[in-house]
Structure formats: C-alpha cells, structure tokens
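Thank you all for coming; I would like to take a few minutes on how the helices in this model pack against one another. Please have the sequence and the structure in view while I talk.

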Amino acid sequence: MDFSNEDEVRTQLQKLNSDSKPSFGNMNAQQMIEHLSAVTQIPNGNWKVDIFVEDEKAARRKPFLNTDNEIQVGFKASFLSENPVPLKFNSIDEAIDDLISQVNLFFEVFEKDTSRKVTHPFFGELDFEYWKKFQVKHFTHHFKQFGLV
C-alpha cells in the first residue's frame, strides 16, 4: 500500500464503517486508522516511545525492511497495549483526516531535516528511507486486515 498516495489511502479507508470486521486482530476499523496515525507520530516526533532497541537486535531486524516480506498476521509490538485503546476521534472520517495530516507531516519533517533519524521501537534507528519502507509494510498489513488490499 502506497501510504504516500493521499487519494488512494482516503478512498480505501472511506470504504470502512463501524460495522467493518477485521480478518485478524481485535481493533475495529477506526481504532486501526488511529493506530496507523499514532505510529506515524513516532517519526514525526509527536510520540516519544521510551524504548531502547539493542544494536544487535536492530541489526538482525532491520534487513526485513529491505525485503518483499510482509508483517506477520498476529505480530504484536511489545510497546503497544494488549487491548485496543479508546477512540480519540468522533468518527472514522475525523480519524482519516488525522492520519492524512500525520502522513503529510511525516514527509515535511524529513524534508526539513534530511539527516533525521528516529528510533523505531522494533527496528531501531531508522532514516527517512527505512521509515518509508516500514510505513509501506505497516499500512499494507492493516489494510489487508480489513480487506482493503
């Protein structure tokens, strides 16, 4: 899923409603959208995830981002809560607007600082190119969760 294509992201996500059922996991559609937005806030600098990733682990995990492999169904990041978090927005449309804003900000912050590196809680320190690779995998994973791709 090309997370940078605003029209495609919006078109696909607008197919969802409060009755949309995931093929895996226990987030509802709006929680999934808000989750994508929240994780995008990490490289944007708006969510400080206090996690240290050992260099050895990052060195083993990071090459995955260079592959065509997808995030496994059932993968659970250790920094996330076991249960879906309460909704932040009043509607799916508001959540989509926030996600689009976060994605736009993602590109802006890396454009302003081309040497910017931000620690991903699983993959370790990532630059812009690696964050984009992660975002593609992450969006694809969750869009598949709801049958959007």
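**The core and the helices around it**

The largest nonpolar core, meaning a set of buried Ala, Val, Leu, Ile, Met, Phe, Trp, Tyr and Cys residues joined through side-chain atoms within 4.5 Å, has 32 residues, and those with the most contacts inside it are Leu13, Leu16, Ile33, Leu99, Trp131, Phe139 and Phe143. Buried here means under 20% relative accessible area, with a 1.4 Å probe and protein chains only. This is a predicted model, in which local features need pLDDT of at least 70 and side-chain atom pairs count only at pLDDT 80 or more, while totals for chains, interfaces and linings use all residues. Residues are numbered from 1 along each chain as its sequence is written, and side-chain values use heavy atoms, with hydrogens and water left out.

Two or more residues of this core come from each of α1 (6-13), α2, α4 and α5 (128-145), and α4 gives the most, with nine residues; helices here are DSSP runs (H or I, at least four residues), numbered from the N terminus.

Turning to the pairs, the axes of α2 (residues 29-44) and α4 (residues 92-112), which are lines fitted to C-alpha atoms over the stretch in contact, with angles from 0 to 180 degrees between N-to-C directions, come within 9 Å and cross at roughly 20 degrees. That makes α2 roughly parallel to α4, a word used for angles under 35 degrees, as roughly antiparallel is for those over 145.

The axes of α2 and α5, by contrast, come within 11 Å and cross at roughly 170 degrees, which makes α2 roughly antiparallel to α5.

How values were computed:
Angles under 35 degrees count as roughly parallel, over 145 as roughly antiparallel, 65 to 115 as roughly perpendicular and the rest as oblique. Buried means under 20% relative accessible area, exposed over 50%, partly exposed in between (1.4 Å probe, protein chains only).
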